[in-house]
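Before reading on, please keep the sequence and the three-dimensional view side by side. The paragraphs that follow move from one part of the chain to another and return to the whole at several points.

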Amino acid sequence: MDVKSAFLNGDLMEEVYVQQPPRFVVEGGSGKVLKLNKALYGLRQAPRAWNAKLDSELIKLGFERNPLEHAVYRRKHSDGFLLVGVYVDDMIITGPSKANIVAFKKEMMKSFSMNDLGLLSYYLGIQVTQKEGVISLCQSSYTLKILEQIGMKDCNPCHVPMDNKLKLSKNDKSPPVDKTKYRSVIGSLRYLVNTRPDIAYSVGIVSRYMEDPKASHWAAVKQILRYLSGTVNYGCIYRKLNTTETRLTGYSDSDLAGDVDSRKSTSGVIFFLGESPISWQSAKQKVVALSSCEAEYITAATAACQGGSMVSTAVV
């Protein structure tokens, strides 16, 4: 669902005055200003006021905000939960009961002027395909946009996002490259990781050199882009779970002293619910491990914490 003119619904907490718009000056009052009763587009307070308004309305309807992800709300029903994801003026609604979803839509339409956009198909650059018992997420259009912007839309694809045992360093002596361009591509790739766990590690590696990127770092980025060129339609698939498949399975791994500058290791973690990936990360460890065993223990502890938080959230 989409809220029409969302920012105009925000209630201001302070007194705000604006100049009278050109050609709309009140006759006899050219030296006066207007006091706002509601938020206005272009006003700095408008986004905050709208967020506070929407938050209060959802809480009135019996929702509670997720303490870890403030854009997600949940309301408990006798037959399950109703979940609402918010991005500014767009809302994704999901739950096991279609009747509860329809009822919630009617409740929201009483408070705001809204558009019902129907079944989710595209959201924030993510293409969503929903079939019976299967939901797939893909960012193929976003991937093609990245490749087109870099001029690599018709490049030769490769089979892996990063060469095995590739070692990059901040002290590389190769020529420097355009920092703005490098950072822009890295930012785009990091957003692409939302549906592409297969590039999480390689993107994490090249993200370490945004401060002073060199030609060798850019070459590693270009290999990731070449890999994406051949795997444009890759994404995540979520299948409807049977009672025998509701098992949370996690995998963890690490290298030893993979960062040649700090000698820190890199942790990799991914969790599956049934056959579907639901959480993944690849990050440099915060301490220097003195052995491969210690590096693996650090990664295992990270995985245990992540898995424990998911289990506790599911139980709640």
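Helices and strands, as the words are used here, are runs assigned by DSSP, a helix having at least four residues and a strand at least two, and both kinds are numbered from the N terminus. The model is a predicted one, and with that way of counting the protein has seven helices and 15 strands. Just after helix 1, Gly-62 takes a positive phi of about 95 degrees.

As for the whole, the C-alpha atoms fill a box of roughly 75 × 55 × 40 Å when it is taken along the principal axes. Of the 316 residues of the protein, 36% count as buried. If one looks at contacts between residues at least 6 apart in sequence, 62% of them join residues that are at least 24 apart.

Helix 1 is a good place to begin a closer reading. This helix covers residues 46-60, and because each residue should add 1.5 Å, its 15 residues should span 21 Å, which agrees with the 21 Å that separates its end C-alpha atoms. Which residues of helix 1 are buried? They are Ala-46, Ala-49, Trp-50, Lys-53, Leu-54, Asp-55, Glu-57 and Leu-58. An α-helix has 3.6 residues a turn, so residues three or four places apart point the same way. What covers the buried residues of helix 1 includes several strands, among them strand 1 (2-3), strand 4 (64-65) and strand 5 (72-77), and it also includes strand 6 (80-87), strand 7 (90-94) and helix 2 (98-111).

Some of these covering strands are also linked to one another. Strand 5 and strand 6 pair in the antiparallel sense over six bridges, and Arg-75 has Leu-82 in strand 6 as its bridge partner. These two strands form a hairpin, with two residues between them. Strand 6 also pairs with strand 7, again in the antiparallel sense, here over five bridges, and the bridge partner of Val-86 is Met-91 in strand 7. Strand 6 and strand 7 likewise form a hairpin with two residues between them, and in its turn Val-88 has a positive phi of about 55 degrees.

Further along the chain, two helices can be considered as a pair. Two packed helices are described by the angle between their axes and the distance between the axes. The axes of helix 3 (residues 140-150) and helix 6 (residues 215-230) come within 10 Å and cross at roughly 135 degrees, and the two helices are therefore oblique to each other. Helix 3 passes helix 6 in a left-handed crossing. Where they meet, helix 3 contributes Thr-143, Ile-146, Leu-147 and Ile-150, while helix 6 contributes Trp-218, Leu-225, Leu-228 and Ser-229.

The next region to examine is an open sheet of three strands, which has the order 13-14-15 and antiparallel pairing. Its edge strands are strand 13 (248-254) and strand 15 (276-284), each of which pairs on one side only. From one strand to the next the twist averages 10 degrees. Seven bridges join strand 13 to strand 14, and in this pairing Ser-254 stands opposite Ser-267 in strand 14. Eight bridges join strand 14 to strand 15, with Gly-268 standing opposite Ser-282 in strand 15 and Thr-266 having Lys-284 as its bridge partner in that strand. Strand 14 and strand 15 form a hairpin with two residues between the strands, and there Gly-274 takes a positive phi near 70 degrees.

One residue of this sheet can be followed in more detail, namely Val-269, which lies in strand 14 (residues 266-273). Is Val-269 buried or exposed? Its relative accessibility is 4%, and because buried means under 20%, Val-269 counts as buried. Leaving aside residues up to four places away in sequence, Val-269 touches Tyr-251, Ser-252, Ser-279, Trp-280, Gln-281, Thr-299, Ala-303 and Gln-306. To relate this part of the model to the strands described earlier, one may compare Val-269 with Val-84, which is 185 residues away along the chain: the C-alpha atoms of the two are separated by 27 Å.

Methods. Residues are numbered from 1 along each chain as its sequence is written. This is a predicted model: local features need pLDDT of at least 70, side-chain atom pairs count only at pLDDT 80 or more; totals for chains, interfaces and linings use all residues. Side-chain values use heavy atoms; hydrogens and water are left out. The expected span of a helix is 1.5 Å times one less than its number of residues. Buried means under 20% relative accessible area, exposed over 50%, partly exposed in between (1.4 Å probe, protein chains only). Contact means heavy atoms within 4.5 Å. Two strands pair if DSSP finds at least two bridges between them. Axes are lines fitted to C-alpha atoms, for helices over the stretch in contact, and angles run from 0 to 180 degrees between N-to-C directions. Angles under 35 degrees count as roughly parallel, over 145 as roughly antiparallel, 65 to 115 as roughly perpendicular and the rest as oblique. A crossing is left-handed if the near helix is turned anticlockwise from the far one by less than a right angle, and right-handed if clockwise.
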